[in-house]
Amino acid sequence: MERPQECSSPEWERFFKDFRKHSPLKEVRFILAVGSGKGGVGKTTLSVLLALALKGEGFSVGLFDLDFYGPNSALLLSPEKVQPATDVGGYKPVSLEGIKVMSLSFLITEKEPIFMRGLMAGKLLQELTQRVLWGPLDFLILDLPPGTGDIFLTMLDLYSPDGFILITTPHKLALADSLRTATILKEKKIPLLGVVKNMSDLFGKEDSFEAFLKEIKAPLLFELPFLKELTEKETISEIVDTPWGNRELKILSQNLLKRIFRVH
Ligand SMILES: Nc1ncnc2c1ncn2[C@@H]1O[C@H](COP(=O)(O)OP(=O)(O)OP(=O)(O)O)[C@@H](O)[C@H]1O
């Protein structure tokens, strides 16, 4: 089914409402989307940290790298190239560090450029959503692509996330893009669980960040400092057992769980 011009038509709304119930996502308890508006602000880094933090709390976690234009989350969990997903009547996610991972990078070869126009990407997304065999999961984390265009909107419609985590730096350009994302979430009635402020220590004092939180009426969920280890270590999992990881991932998961229980 292609996205019609009038996306708010009752037929289209009904299609999306039923989609999750009748797809392999029906065994997933909670879908968490991680997004921003701007590229390169730390979506993938946060998605992987979140997956590790929730797994550390004893939850079963899946991670779906939906960044059509740079699917690289697996690189942050595995130093070796992951074998492409096999089709066994559906794609089986790959287990990395105890997390079920699916990424577009498992389905395409490295040399194949992902030049995809909206419609093609939309079709692939729909196909993938119906064919990834997640099985039962407590949390499925979606690492969304940058921007607020058609693919982003289709993803929100297809997955109907139970909660959204917005990550941004405090720079005014990133905040302007994030504001647009927050407006879309409000329109689509997707609960915004909170904001993760990334690399704030690299920026001067930015009053605009506080004003931004007030404007979108969302709490600050977590502050992720610039971590040299993130650029030096081969995989993010290596920072789980560092003093920072032991302390901060617990804070991240606890803050998130508190917000989920308050919102739902
Ligand atoms: N807190 C941090 N400390 C150090 N490096 C960071 C931090 N956050 C992100 N980075 C680095 O910045 C780069 C971009 O991060 P990441 O890929 O997570 O962003 P993204 O929003 O997913 O990007 P894209 O929009 O391209 O998908 C990566 O090299 C990552 O290691």
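These are my notebook entries on a predicted model, taken one topic at a time.

**Entry 1: the whole chain**

I began with the overall make-up. The chain has eight helices and eight strands. It runs to 264 residues, and 41% of them are buried. I then looked at contacts with a separation of 6 or more, and 79% of those join residues 24 or more positions apart.

**Entry 2: around the ligand**

Next I went to the ligand. I found 17 residues surrounding it, and the closest are Gly39, Gly42, Lys43, Thr44 and Thr45. Which elements give two or more residues to this shell? They are H2 and helix H7, residues 228-232. H2 gives the most, with three residues. By type, I noted seven nonpolar, eight polar and two charged residues in the shell.

I checked the record too. The unreviewed UniProt entry lists Gly37, Lys38, Gly39, Gly40, Val41, Gly42, Lys43 and Thr44 under "binding site". I picked the two ends of that list, Gly37 and Thr44, for a further look.

**Entry 3: Gly37**

Gly37 sits in the loop between strand E1 (28-35) and H2. Is Gly37 buried or exposed? I count 24 other C-beta atoms within 10 Å of Gly37, and 20 or more is enough to call a residue buried, so Gly37 is buried. Leaving out residues up to four places away in sequence, Gly37 touches Thr148, Asp177, Ser178, Arg180 and Thr181. Two of these names, Asp177 and Ser178, come back in my notes on H5, where they are among the buried residues.

**Entry 4: Thr44**

Thr44 belongs to helix H2. This residue counts as buried as well, because it has 24 C-beta neighbours inside 10 Å. Its contacts, again skipping residues up to four places away in sequence, are Asp67, Asn72, Ser73, Leu76 and Asp143.

**Entry 5: helix H5**

I turned to H5, which covers residues 172-188. Its 17 residues should span 24 Å at 1.5 Å a residue, and I get 24 Å between the end C-alpha atoms, so the two agree. Which residues of H5 are buried? I wrote down Ala174, Leu175, Asp177, Ser178, Thr181, Ala182 and Leu185. Looking down the axis, I see them fall within an arc of 160°, so they line one face of the helix. On the other side of H5, Leu173 and Glu187 are exposed.

What do the buried residues of H5 pack against? My list reads E1, strand E6 (163-168), E7 and helix H6 (207-216). One more detail: just after H5, Lys189 takes a positive phi of about 55°.

**Entry 6: helix H8**

Last, I looked at H8, residues 243-263. This helix has 21 residues and reaches 31 Å from its first C-alpha to its last, close to the 30 Å expected at 1.5 Å a residue. Its buried residues are Gly245, Leu249, Leu252, Ser253 and Leu256. They cover an arc of only 90° around the axis, which puts them on the same side of H8. The face turned away from that side carries the exposed residues Pro243, Asn246, Arg247, Phe261 and Arg262.

I also asked what covers the buried residues of H8. The cover includes helix H2 (43-56), strand E7 (192-198) and strand E8 (220-224). That ties back to Entry 2, where H2 gives three residues to the shell around the ligand.

Definitions and conventions. Residues are numbered from 1 along each chain as its sequence is written. This is a predicted model: local features need pLDDT of at least 70, side-chain atom pairs count only at pLDDT 80 or more; totals for chains, interfaces and linings use all residues. Helices (H or I, at least four residues) and strands (E, at least two) are DSSP runs, numbered from the N terminus. The expected span of a helix is 1.5 Å times one less than its number of residues. A residue is buried if 20 or more other C-beta atoms lie within 10 Å of its own, exposed if 12 or fewer, and partly exposed in between; C-beta atoms are placed from the backbone. The arc is that of the directions from the helix axis to the C-beta atoms. Two residues are in contact if their C-beta atoms, placed from the backbone, lie within 7 Å. A residue is near a molecule or strand if its C-beta atom, placed from the backbone, lies within 6 Å of it. Ala, Val, Leu, Ile, Met, Phe, Trp, Tyr, Cys and Pro count as nonpolar, Asp, Glu, Lys and Arg as charged, and the others, Gly among them, as polar. UniProt positions are given in the numbering used here, feature names are shortened, and annotations may be inferred rather than shown by experiment.
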